[in-house]
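Work through the exercises below with the sequence and the structure open beside you. Try each task before reading its solution.

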There are 2 protein chains.
Amino acid sequence: MNDFLTEMEYVGLTSRLKRLSDSLLYSTKELYKSEGLDIEPNWNLIFILLQENEAMTITEISETLQFSHPAVVKIINKMKKNGHVETRTDTEDKRKQILTLTEKAYKQLPLFEKYWTAGRQTVMDLLEDSPNFLEEFLKIEEKVNQSDYMERTLKNLKNDELSN
Amino acid sequence: MNDFLTEMEYVGLTSRLKRLSDSLLYSTKELYKSEGLDIEPNWNLIFILLQENEAMTITEISETLQFSHPAVVKIINKMKKNGHVETRTDTEDKRKQILTLTEKAYKQLPLFEKYWTAGRQTVMDLLEDSPNFLEEFLKIEEKVNQSDYMERTLKNLKNDELSN
DNA sequence: TCTAATTAAGTAACTGGTTACGCAAATGTA
DNA sequence: TACATTTGCGTAACCAGTTACTTAATTAGA
């Protein structure tokens, strides 16, 4: 393959993560489009959550997925537009929007699930020769969660300066 | 941590890749901003390439990084605006833009390199407990390159249908 | 040699995320 | 009980990528 970013080792990793993530994202969009499915990447997560929990708020979903809340607002607005999600204002706390799946959503679920199952199989295939990947990826996430890139880099900088 | 996407195993991986990639990206931007550095994430790659090769075109860079060419145009335009890159039209092929680093860029390089070295150290730290990560990540990239997510998923779908 | 096909690069419109900000409702407190 | 703080969520502006399209220059071929 002879990929420059790979040759860069540690320096190229961030860009490679984005490149792979984007590649999966665009390929998924293309798949749904080519099959005439009226859904988008990530929606499966919302479907799963709302099936499991019946009703959730924007904030609950954003905390569960660890996405920013505006990201969830955008996804939900699209799903509402497509008639897969409906909202009502909570009667006890009028700030809250209660989200539920529509009847249309439940009707289409079996079809969608075929695609999601096949997609899940694809990820399993991709990971087949990388038996430690999920475990080691989790370790990286945990480290970044515990202290982020900036914090770590500033600390490294300070250490470098001290040792000069 | 109890992360929903992690619990989802294969289903959550794509979103986790994006989440981590974004987290690194925004953290890097914040680092440069807080330190008053007039550069952006990815620019180190262009600096390295233009140092090694003296002069390159947009297309050469986009092929080397495996980015789309408009992505490179955008990065280069910003670097030109900041005075780190200059362009001239190739005399033999007037379609081509020859990119080179400016004097200002070379002057600032030693400073930037301190940050890039510290950042490289951060990635090394993050990967410390994941000794197979780079190798296994490469395997996934190669698989996706060989046959993308959509192609694989359509194939899985067909297989599922046949076995019913 | 003229024309068709290819190539380089710029632009526009879009994507799924982000941060920053604002408003209204709920909660805590002096 | 009134006022300050917090919370939920919507909107705006931005970001780094993408695809699709355009234009101009070069190359290939009848």
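**Exercise 1. Find which helix gives the largest share of the surface near DNA strand C, and describe that surface.**

Step 1. The largest share comes from α5(A), with 5 residues. Helices (H or I, at least four residues) and strands (E, at least two) are DSSP runs, numbered from the N terminus. A residue is near a molecule or strand if one of its heavy atoms lies within 4 Å of it.

Step 2. This is a predicted model, in which local features need pLDDT of at least 70 and side-chain atom pairs count only at pLDDT 80 or more, while totals for chains, interfaces and linings use all residues; side-chain values use heavy atoms, with hydrogens and water left out. Residues are numbered from 1 along each chain as its sequence is written, and chains are lettered from A and ligands numbered from 1 in the order in which they are written.

Step 3. List the helices that each supply at least two residues: α2 and α5 of chain A, and α2, α4 and α5 of chain B.

Step 4. Count the residues around DNA strand C: there are 29, and the closest are A:Glu40, A:Asn42, A:Ser68, A:Lys74 and A:Lys78. Of the strand's atoms that come within 4 Å of the protein, 63% belong to sugar and phosphate.

Step 5. Sort the surface by class: 10 residues are nonpolar, 6 polar and 13 charged. Here Ala, Val, Leu, Ile, Met, Phe, Trp, Tyr, Cys and Pro count as nonpolar, Asp, Glu, Lys and Arg as charged, and the others, Gly among them, as polar.

**Exercise 2. State which part of DNA strand C is reached by B:Arg95, by B:Gln97 and by B:Tyr26.**

Step 1. Fix the rule. A polar contact is a pair of N or O atoms within 3.5 Å; within protein, one must be able to donate a hydrogen and the other to accept it, and residues adjacent in sequence count only if both atoms are side-chain atoms.

Step 2. B:Arg95 has a polar side-chain atom 2.6 Å from a base oxygen.

Step 3. B:Gln97 uses a backbone N or O atom, 2.7 Å from a phosphate oxygen.

Step 4. B:Tyr26 has a side-chain N or O atom 3.2 Å from a sugar or linking oxygen.

**Exercise 3. Describe the surroundings of DNA strand D.**

Step 1. The strand is surrounded by 28 residues, the closest being A:Thr59, B:Glu40, B:Asn42, B:Ser68 and B:Lys74. Sugar and phosphate make up 62% of the strand's atoms within 4 Å of the protein.

Step 2. Name the main contributor: α5(B) gives the most to this surface, with 5 residues.

Step 3. Divide the surface by class, which gives 9 nonpolar, 6 polar and 13 charged residues.

Step 4. Look at single contacts. Polar side-chain atoms reach base oxygens of DNA strand D from A:Arg95 at 2.6 Å and from B:Lys74 at 2.4 Å. A polar backbone atom of B:Glu92 is 3.4 Å from a phosphate oxygen.

**Exercise 4. Work out how much area chain A and chain B bury between them, and describe their contact.**

Step 1. Count residues in contact (heavy atoms within 4.5 Å): chain A gives 74 and chain B gives 74.

Step 2. The buried area is about 7,900 Å², with 69% of it on carbon and sulfur atoms. Buried area is the accessible area (1.4 Å probe) that two parts lose on being put together, summed over both. A:Phe4, A:Tyr10 and A:Tyr149 supply 10% of the area that chain A buries against chain B, more than any other three residues.

Step 3. Count the salt bridges (a side-chain nitrogen of Lys or Arg within 4 Å of a carboxyl oxygen of Asp or Glu): there are 8 between the chains. A:Lys143 forms a salt bridge with B:Glu128, their closest N and O atoms being 3.9 Å apart.

Step 4. Across this interface, 28 residue pairs are in polar contact, both residues at pLDDT 80 or more. On the side of chain A that touches chain B, α2(A) gives the most, with 16 residues. That side has 33 nonpolar, 20 polar and 21 charged residues.

**Exercise 5. Is B:Glu54 buried or exposed, and where is it found?**

Step 1. B:Glu54 is found in the loop between α3 (43-53) and α4 (58-65) of chain B.

Step 2. Its phi is near 70 degrees, a positive value in a residue other than glycine. Most residues other than glycine have a negative phi.

Step 3. B:Glu54 is exposed because its relative accessible area is 54%. Buried means under 20% relative accessible area, exposed over 50%, partly exposed in between (1.4 Å probe, protein chains only).
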